[in-house]
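Welcome! Let's take a friendly tour of the places where small molecules and metal ions sit in a protein. Have the sequence and the 3D view ready as you read.

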Amino acid sequence: VTLQSDLRLAVERGQLRLHYQPKVEARNGGFIGVEALLRWEHPERGMVPPNLFIPVAERFGLIAGIGDWVIEEACRQMRAWADDGHVVHVAVNVSALQLRQANFVAKTKSALQRHAILPSQLLCEITESAAMEDVQATQSTLEELGKVGLFLSIDDFGTGYSSLGFLRQLPARQLKIDRSFVQDVDSNNDARSLVDAVVRLAHALGLCVVAEGVETVGQQRALVDLGCDELQGYFFSRPMSADRLISWIDDRG
Ligand code: G
Ligand code: G
Ligand code: NA
Ligand code: MN
């Protein structure tokens, strides 16, 4: 049995899960929200990492269905948390192929409305390279997103080749510095200079800067010094289940 044929059934068999990784305020460590990360718990294969199955889903036309599930599940979970007294902002990863669907914004809006969630509570993360590649195809979708009040986060920034003009056009609110730069930020001058430049650029464009993949206190300190707004990484927490997230928030007071 191929991964592809198993993946077709994963949604209907309820094998997909979302895990959530916190983002915190750089200056004081305050909880801001989470990134939803897809997990596939296969009965025989075990936990299949998204790096492995997302490309398969994209190649075989399964990403729209999976992406719909992710947005639906994120909205359902936000509603469940809200009913429990926790308003949690969630960022979902959106594939360029998903954005290319003509009805992406309408479907997302509908999911938000059904669960009574404000558009501003959901953020769409799209990789820099995917956004660049598809800028023509997704232009109207991106404009529509902004009108509905949904914002974009440019993921893995520094690994693609965005022009300044392009960045300015996007209805983006946030830029995530790729973890390859974060890894060396306290040990390598070039990495540090690059993060410094990206933070200045982003702030000049009115974007909030998130550093992802923060693993050590040294990295944390360097990123705070450089003016990053938000931090995410194993140093704070690994991605975790919805229930564990609430204990994590409560434990921090
Ligand atoms: O934890 P991590 O292994 O979760 O994620 C690996 C990669 O998979 C990351 O690049 C991440 O952006 C991507 N990914 C995780 N969840 C999703 C999702 O729901 N949709 C898409 N398109 N990509 C995802
Ligand atoms: O491409 P994207 O930025 O969505 O990828 C998120 C990926 O990074 C996920 O696989 C997530 O599990 C992983 N991740 C989150 N925090 C850390 C970290 O501190 N270190 C490393 N190495 N990976 C991380
Ligand atoms: Na992401
Ligand atoms: Mn990223």
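Sorted by class, the residues in the shell around ligand 1 are 5 nonpolar, 3 polar and 1 charged. Keep in mind that you are looking at a predicted model. Ligand 1 sits in the largest pocket, and ligand 2 sits in the largest pocket too. A manganese ion (ligand 4) and a sodium ion (ligand 3) lie 4.1 Å apart, with Asp155 bridging them.

**Ligand 1 and its neighbours**

- The residues to find around ligand 1 are Leu37, Leu38, Arg39, Pro50, Asn51, Ile54, Val70, Asn93 and Ser95.
- Which elements help to build this shell? Strand S2 and helix H2 (50-59) each supply at least two of its residues.
- The backbone takes part as well: a polar backbone atom of Leu38 is 3.0 Å from a nitrogen atom of ligand 1.
- Arg39 uses its side chain, where an N or O atom is 2.8 Å from an oxygen atom of ligand 1.
- Asn93 also reaches ligand 1, with a polar side-chain atom 3.2 Å from one of the ligand's oxygen atoms.
- On its own, ligand 1 has 500 Å² of accessible area, and the protein covers 75% of that.

**Ligand 2 and its neighbours**

- How many residues surround ligand 2? There are 15, and the closest are Gln21, Arg179, Glu212, Glu215 and Tyr234.
- By class, this shell holds 4 nonpolar, 4 polar and 7 charged residues.
- Strand S2 (31-42) and strand S6 (151-157) each give the shell at least two residues, and S2 gives the most, with 3.
- Look at Glu215, whose side chain has an N or O atom 2.5 Å from a nitrogen atom of ligand 2.
- Asp155 places a polar side-chain atom 3.2 Å from an oxygen atom of ligand 2.
- Asn93 appears here again, with an N or O atom of its side chain 3.3 Å from an oxygen atom of ligand 2.
- Ligand 2 has 520 Å² of accessible area on its own, of which the protein covers 79%.

**The manganese ion (ligand 4)**

- Which protein atoms hold the manganese ion? Its donors are Asp155 (OD), Asp156 (OD), Glu212 (OE) and Glu212 (OE), at 2.0 to 2.5 Å.
- Along the sequence, the donor residues follow the spacing D-D-x55-E.
- Asp155 lies in strand S6, while Glu212 lies in the loop between strand S8 (208-211) and helix H11 (217-225), so this pair ties together parts that are 57 residues apart in sequence.

**The sodium ion (ligand 3)**

- The sodium ion is coordinated by Glu35 (OE), Asn93 (OD1), Glu125 (OE) and Asp155 (OD), at 2.2 to 2.3 Å.
- In sequence, these donors are spaced E-x57-N-x31-E-x29-D.
- Why does the pair of Glu35 and Asn93 tie together parts that are 58 residues apart in sequence? Glu35 lies in strand S2 and Asn93 lies in strand S4 (residues 89-93), so the pair links those parts.

**Two residues to look up again**

- Asn93 is in the list of residues around ligand 1, has a side-chain N or O atom 3.3 Å from an oxygen atom of ligand 2, and helps to coordinate the sodium ion.
- Asp155 bridges the sodium ion and the manganese ion, and a polar atom of its side chain lies 3.2 Å from an oxygen atom of ligand 2.

How values were computed
Residues are numbered from 1 along each chain as its sequence is written. Chains are lettered from A and ligands numbered from 1 in the order in which they are written. This is a predicted model: local features need pLDDT of at least 70, side-chain atom pairs count only at pLDDT 80 or more; totals for chains, interfaces and linings use all residues. Side-chain values use heavy atoms; hydrogens and water are left out. A residue is near a molecule or strand if one of its heavy atoms lies within 4 Å of it. A polar contact is a pair of N or O atoms within 3.5 Å; within protein, one must be able to donate a hydrogen and the other to accept it, and residues adjacent in sequence count only if both atoms are side-chain atoms. Accessible areas come from the Shrake-Rupley method with a 1.4 Å probe; for residues, only the protein chains shown count as cover. On a 1 Å grid over the protein atoms alone, a cavity is a set of points where a 1.4 Å probe fits but cannot get out, and a pocket is an open set with protein on both sides within 12 Å along at least five of seven lines; lining residues have an atom within 4 Å of a point. A molecule sits in a cavity or pocket if more than half of its atoms lie within 2 Å of its grid points. Helices (H or I, at least four residues) and strands (E, at least two) are DSSP runs, numbered from the N terminus. Ala, Val, Leu, Ile, Met, Phe, Trp, Tyr, Cys and Pro count as nonpolar, Asp, Glu, Lys and Arg as charged, and the others, Gly among them, as polar. Donors are N, O and S atoms within 2.8 Å of the metal (3.2 Å for Na, K and Ca); water is not among the atoms, so sites may look incomplete.
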